[in-house]
Amino acid sequence: MQIRTMSRLECTKVLDEHRLCRIACARDDRPYVVPLYFVRDDGYLYAFSMPGQKIDFMRANPLVSVVVEEHGPNRQWKSVVVEGRYEELPDRIGFKQQRERAWSLLSHYPDWWEPGALKPVLPPVSDHSPHIFFRILVDQVSGRAAE
């Protein structure tokens, strides 16, 4: 078995083929890692969440890391790491287009809103909605593969 560095194109392909990642954030010298459904599009990873610790951490420190893994036969694997910046897409004027883009991309997949506990109402228009759409601006992408 050899471990090799993946090209940016190979990394992008892995991101496009998967919906589940692990997102790592940190606040007050405390790391936090949780699973998250996402969709990659045009330099961003789009996601949805309910309010909670992950959102609190990313609001306090927008720098995050995301990892997507793929496991194959005979102990083969691929791992892609994204370094980026959290950008919230609030339900208010000035963010309507980006929020609708997130909704559009995510809603192509069944159960995209899990594990948020509550499915948002279509379309997301309420100023008091607890549902949080956000994106990660991709700064760097790297990957390794074992073959």
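**Strands and a helix, term by term**

Author: Let's start at a turn: Asp-41 stands opposite Tyr-44 in S4. This is a predicted model, where local features need pLDDT of at least 70 and side-chain atom pairs count only at pLDDT 80 or more, while totals for chains, interfaces and linings use all residues. Residues are numbered from 1 along each chain as its sequence is written, and side-chain values use heavy atoms, with hydrogens and water left out.

Reader: What makes S3 and S4 a pair of strands?

Author: Strands are DSSP runs of E, at least two residues, and helices are runs of H or I, at least four, all numbered from the N terminus. Two strands pair if DSSP finds at least two bridges between them. S3 and S4 are joined by 4 bridges, so they pair, and they run antiparallel. They form a hairpin with 2 residues between them, and Asp-42 in that turn has a positive phi of about 50°.

Reader: Which other strand pairs with S4, and over how many bridges?

Author: That's S7, antiparallel, over 6 bridges. There, Leu-45 stands opposite Ile-136.

Reader: Why is S4 called mostly covered?

Author: Buried means under 20% relative accessible area, exposed over 50%, and partly exposed in between (1.4 Å probe, protein chains only). In S4 (residues 44–49), 6 of its 6 residues are buried, so the label fits. Tyr-44, Tyr-46 and Phe-48 point one way, Leu-45, Ala-47 and Ser-49 the other, and all are buried. In a regular strand the side chains alternate between the two faces of the sheet.

Reader: How many bridges make S5 a partner of S2, and how many of S6?

Author: S2 (residues 20–27) and S5 share 3 bridges, while S5 and S6 share 9. Both pairs are antiparallel. Ile-23 of S2 stands opposite Val-66 in S5, and Val-64 has Gly-84 in S6 as its bridge partner. The S5 and S6 hairpin has 5 residues between the strands, where Asn-74 takes a positive phi near 55°.

Reader: Why do you put the buried residues of H1 on the same side?

Author: In H1 (residues 8–17), Cys-11, Val-14 and Leu-15 are buried. They cover an arc of only 100° around the axis, taken from the directions from the helix axis to the C-beta atoms, which puts them on the same side. The face turned away carries exposed Leu-9 and Lys-13.

Reader: What covers that buried side?

Author: Going by contact (heavy atoms within 4.5 Å), the cover includes S3 (30–41), S5 (63–71), S6 (77–89) and S7 (132–146).
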